[in-house]
Amino acid sequence: MRRFVCPPDYAFEQLSYNHNRPSFQCEKAPLVKFLREQARQDQDKGMSKTHVLTLATHPEPTNKPIIGYFTLANASIPLYDLPHNARMSKHQEIPATLIARLARHQNYRKRGIGDILIHYAIDLCLQAPCAVILVDAKDEEAFKFYSRHKFQLLDQNKKARTRIQRVLGMFGLRRAIGYPARMFRTTASVRTE
Ligand SMILES: CC(C)(COP(=O)(O)OP(=O)(O)OC[C@H]1O[C@@H](n2cnc3c(N)ncnc32)[C@H](O)[C@@H]1OP(=O)(O)O)[C@@H](O)C(=O)NCCC(=O)NCCS
């Protein structure tokens, strides 16, 4: 397993007052609102931790630009939501880390920022006592992004999506939505890759 190395132009920091939250923009309004209005408060209450990607060369200690961010929270998952081959223990509840939010600034499209964010998030998950990494894909684009990073749909979601597909089919609608879709990767699969 290769450890994450941040490209030299960038640096990861924990979200603080030194970061310029109002200037962050991305395509998904709820992800902008969360960063601006809620992330720091949740962090203060110990609900989650938000990590921001900033420029390594920013000249001042304050007003640092946010190129991207993700938020981690502790979670757990019922063993039977995992597919058979991923049921690694007999515990009924499996410790997990949820990558609750992840977004890059819209001015940084197509520069691999999503990859940097997810690799560092996974690296932090490996250092926590968690067996499973969870994400919630909010739409098809996010689903493709997480699939590219080897996340799979949970069994529970697969069943729900099949049901939705069947109902939509009855009304002659071709595509099933079924979002947000909860997806997972085991930390064991990351360690052995
Ligand atoms: C999901 C997200 C983080 C992925 O970021 P990303 O991997 O850096 O990719 P971008 O969205 O900037 O751009 C995607 C395109 O850039 C391309 N790309 C990625 N890295 C690249 C690189 N280093 N050089 C050139 N192109 C690159 C991809 O192949 C893709 O091309 P396509 O549109 O032709 O398929 C980003 O789209 C985002 O922040 N979206 C809004 C928030 C969101 O939906 N978050 C998901 C949580 S549910």
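Why is strand 4 largely enclosed by the rest of the structure? In this predicted model, ten of the twelve residues of strand 4 are buried, so the strand is largely enclosed by the rest of the structure. A residue is counted as buried if 20 or more other C-beta atoms lie within 10 Å of its own.

Strand 4, which spans residues 93-104, has pairing partners in strand 3 and strand 5. With strand 3 (residues 68-78), the pairing is antiparallel and extends over eleven bridges; within it, Ile99 of strand 4 is the bridge partner of Leu72. With strand 5 (residues 132-137), the pairing is parallel and comprises four bridges, and here Leu98 stands opposite Leu134. Between strand 4 and strand 5 the chain passes through helix 2, forming a β-α-β crossover that is right-handed.

Helix 2 (113-127) consists of 15 residues and reaches 22 Å from its first C-alpha to its last, close to the 21 Å expected at 1.5 Å a residue. Its buried residues are Gly114, Ile116, Leu117, Ile118, Ala121, Ile122 and Cys125. In general, an α-helix has 3.6 residues a turn, so residues three or four places apart point the same way.

The ligand is surrounded by 19 residues, of which Ala103, Lys110, Gly112, Gly114 and Ala142 are the closest. Two or more residues of this shell come from each of strand 4, helix 2 and helix 3 (140-148). By character, the shell around the ligand divides into nine charged, eight nonpolar and two polar residues. Gly114 is thus listed both among the buried residues of helix 2 and among the residues closest to the ligand.

Methods: Residues numbered from 1 in each chain as written. Predicted model: local features only at pLDDT ≥ 70, side-chain atom pairs only at ≥ 80, totals over all residues. Near = placed C-beta within 6 Å. Nonpolar A, V, L, I, M, F, W, Y, C, P; charged D, E, K, R; others polar. Pairing = 2+ DSSP bridges. Right-handed = clockwise from strand over helix to strand, strands pointing away. Expected span 1.5 Å × (residues − 1).
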